Protein chains: 2
Amino acid sequence: MPKNQVAGSLNTPVIVLVRPQLGENIGKAARAMLNFGLTELRLVTPRDGWPNPSAGPAAAGADVVLERARVYATTAEAVADCAHVHATTVRKRGVTKPVITPDEAGRQMHTLAGRHAILFGPERSGLETDDVALARNIITVPINPEFPSLNLAQAVILVAYEWSRIGREVAGGDAVLVQPNTEELLPPAPQEELDGLVAHFEKLLEQRGYFLPEARADTTYRTLRGVLTKPGWNHLEVRTLRGVLTHLGREPRE
Amino acid sequence: MPKNQVAGSLNTPVIVLVRPQLGENIGKAARAMLNFGLTELRLVTPRDGWPNPSAGPAAAGADVVLERARVYATTAEAVADCAHVHATTVRKRGVTKPVITPDEAGRQMHTLAGRHAILFGPERSGLETDDVALARNIITVPINPEFPSLNLAQAVILVAYEWSRIGREVAGGDAVLVQPNTEELLPPAPQEELDGLVAHFEKLLEQRGYFLPEARADTTYRTLRGVLTKPGWNHLEVRTLRGVLTHLGREPRE
């Protein structure tokens with residue numbers, strides 16, 4: 001799969017909010033979706049109808065998601081075109097299904113062909129047994145059991161995040177580190193530059209009796225060398241330190 | 001380190017909100033923390049003072065986090081006892097630091113000994129350059145570049161989630177502890193020891209005109225700070241360097 005298609009529409013999951021209550025929470029869910037490139041939102045009988053004037057401000061700019069949102073009368077209709085339905089819930093239900101984590105769900109979305117839908121229940125009560133019955137899996141966020149109160153937008157963002165994270169992993173073979181500063185992250189300076197720095201330290205310190213007593217001079221030198229070798233400074237950093245040492249070699253002005 | 005201590009309190013990171021604006025967002029951040037078992041919240045000069053009556057309702061039951069929250073006058077004081085400081089930011093800054101993802105950060109928190117602190121900036125503006133200068137790493141959530149508007153509580157929950165997820169992975173034996181807390185590999189010195197070292201350099205260099213011209217003094221200071229922050233020296237190494245500086249402050253013998 002080419003890297004630039006990982007976030008493409010083919011394996012982008014559909015987010016289904018089942019009987020959401022507050023327009024504000026629909027807006028926040030839309031924002032969380034778009035943060036990680038998800039744009040397809042479906043609403044099953046939102047309590048206050050649709051569109052909802054409270055959704056827009058809460059979406060903080062994710063209007064494209066709200067504008068494209070579609071409303072369905074039942075959960076079954078909302079997922080009719082999907083090959084894989086996952087139900088999010090923190091509580092164990094009377095339905096026996098495989099329970100998977102968001103990262104496993106993210107992996108399935110990138111590896112199992114066909115459209116994936118993820119169901120999120122109403123704010124207070126969560127999904128009903130009949131909604132969960134439509135799903136193949138239950139996604140449960142492994143949360144602090146003593147404080148499992150996860151709000152709707154936070155549940156959405158964790159699932160969207162994992163879809164995105166696993167997508168990069170699948171595309172890159174390994175977990176991809178974002179390195180926008182790559183050009184500035186220079187490799188460590190060549191050893192001869194480090195040697196020059198150590199020698200500069202050594203010269204100034206010798207003049208000031210740092211390596212005395214003589215019997216311990218070798219150990220003292222090795223310790224200093226070790227401290228200066230640890231950082232892996234690049235050549236700009238070594239140059240900065242050479243400037244520092246040049247100044248330290250001067251007499252104080254006062 | 002026994003496996004069952006991996007997710008214990010010793011390597012539980014500290015969440016530092018730098019100059020947060022709305023009490024409501026502090027409450028939501030506390031809720032996100034407790035969802036994944038984080039309880040230590042530090043606040044740097046919250047705009048509306050502390051305690052803030054808007055925080056409690058937004059915390060939705062995470063009162064224990066708010067009650068234990070401590071307030072600091074500066075970011076440096078808030079992280080003085082921490083060995084690893086990570087700054088979260090979406091934007092590229094004038095500071096050159098390694099940029100890591102939340103999952104890599106979660107891995108470091110479980111594998112690098114010493115306390116970890118994670119800095120989150122104010123809602124609108126994000127962290128200042130001087131805050132970022134205190135950190136060893138920058139954590140950037142790999143987000144939709146066309147919609148990078150991530151709110152404070154969402155940024156907190158993603159970092160807390162990854163800390164928890166990687167902790168389970170490490171506890172399960174899947175990940176390798178790359179730097180166990182052995183006697184040979186001491187953790188980085190607490191930030192206050194590093195601050196002492198930087199101040200020692202600064203004092204000697206000021207006396208020798210290093211920070212001139214005045215107009216560039218801030219940049220020069222940040223560059224030096226960056227070079228000295230990079231290594232993660234342990235307290236023995238910092239002590240060695242303090243000895244070096246004491247000697248460099250003396251007049252040469254010849």
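**Entry 1: terms and starting point**

I take a residue as buried when its relative accessible area is under 20%, and by that cut-off B:F36, at 4% relative accessibility, counts as buried. I keep in mind throughout that this is a predicted model.

**Entry 2: the interface of chain A and chain B**

I looked up the contacts between the two chains first, and found that 70 residues of chain A are in contact with 69 residues of chain B. The area buried between chain A and chain B comes to about 6,000 Å², and carbon and sulfur atoms give 60% of that area. I then asked which three residues of chain A supply more of the area it buries against chain B than any other three. They are A:F147, A:R208 and A:L248, which together supply 12% of what chain A buries there.

**Entry 3: polar and charged links across the interface**

For the interface of chain A and chain B, I noted six salt bridges found by the rule, and 24 residue pairs in polar contact, with both residues at pLDDT 80 or more. I looked at the salt bridge that B:R165 forms with A:E162, where the closest N and O atoms are 3.5 Å apart.

Turning to the elements on the side of chain A that touches chain B, I listed those that give two or more residues: α1 (23–35), α5 (102–111), α7 (152–172), α8 (191–206), α9 (217–229) and α10 (235–248) of chain A. The largest share of that side comes from α7(A), with nine residues. By residue class, the side of chain A that touches chain B divides into 37 nonpolar, 19 polar and 14 charged residues.

**Entry 4: aromatic pairs**

A search of the whole structure gave me six aromatic pairs over all chains. In the pair of A:Y161 and B:Y161, the ring centres are 6.3 Å apart and the planes stand at 85°, so I recorded the pair as edge-to-face, planes over 60 degrees apart being counted that way. This pair crosses between chains, running from A:Y161 in helix α7 of chain A to B:Y161 in helix α7 (residues 152–171) of chain B. Buried or exposed, I asked of A:Y161? A:Y161 is buried, with a relative accessible area of 1%, and B:Y161 is likewise buried at 1%.

B:Y161 also forms an aromatic pair with B:F36, edge-to-face, at 5.7 Å centre to centre and with 80° between the planes. B:F36 lies in the loop between α1 (23–35) and β2 (41–44) of chain B, while B:Y161 is in helix α7 of chain B, so the pair ties together parts that are 125 residues apart in sequence. Taken together, ring pairs link A:F36, A:Y161, B:F36 and B:Y161 into a cluster.

**Entry 5: surroundings of B:H116**

I next looked up B:H116, which is found in strand β6 (residues 116–120) of chain B and counts as buried at 1% relative accessibility. Its side chain is joined to that of B:H86 by a polar contact of 2.9 Å, and a polar atom of the B:H116 side chain lies 3.4 Å from the backbone oxygen of B:Q108. Leaving aside residues up to four places away in sequence, I noted that B:H116 touches B:P13, B:V14, B:H84, B:H86, B:Q108 and B:M109.

Note on methods:
Residues are numbered from 1 along each chain as its sequence is written. Chains are lettered from A and ligands numbered from 1 in the order in which they are written. Side-chain values use heavy atoms; hydrogens and water are left out. Contact means heavy atoms within 4.5 Å. Buried area is the accessible area (1.4 Å probe) that two parts lose on being put together, summed over both. A salt bridge is a side-chain nitrogen of Lys or Arg within 4 Å of a carboxyl oxygen of Asp or Glu. A polar contact is a pair of N or O atoms within 3.5 Å; within protein, one must be able to donate a hydrogen and the other to accept it, and residues adjacent in sequence count only if both atoms are side-chain atoms. Helices (H or I, at least four residues) and strands (E, at least two) are DSSP runs, numbered from the N terminus. Ala, Val, Leu, Ile, Met, Phe, Trp, Tyr, Cys and Pro count as nonpolar, Asp, Glu, Lys and Arg as charged, and the others, Gly among them, as polar. Rings of Phe, Tyr and Trp (its six-membered ring) pair if their centres lie within 6.5 Å; planes under 30 degrees apart count as stacked, over 60 as edge-to-face and the rest as tilted. Buried means under 20% relative accessible area, exposed over 50%, partly exposed in between (1.4 Å probe, protein chains only).
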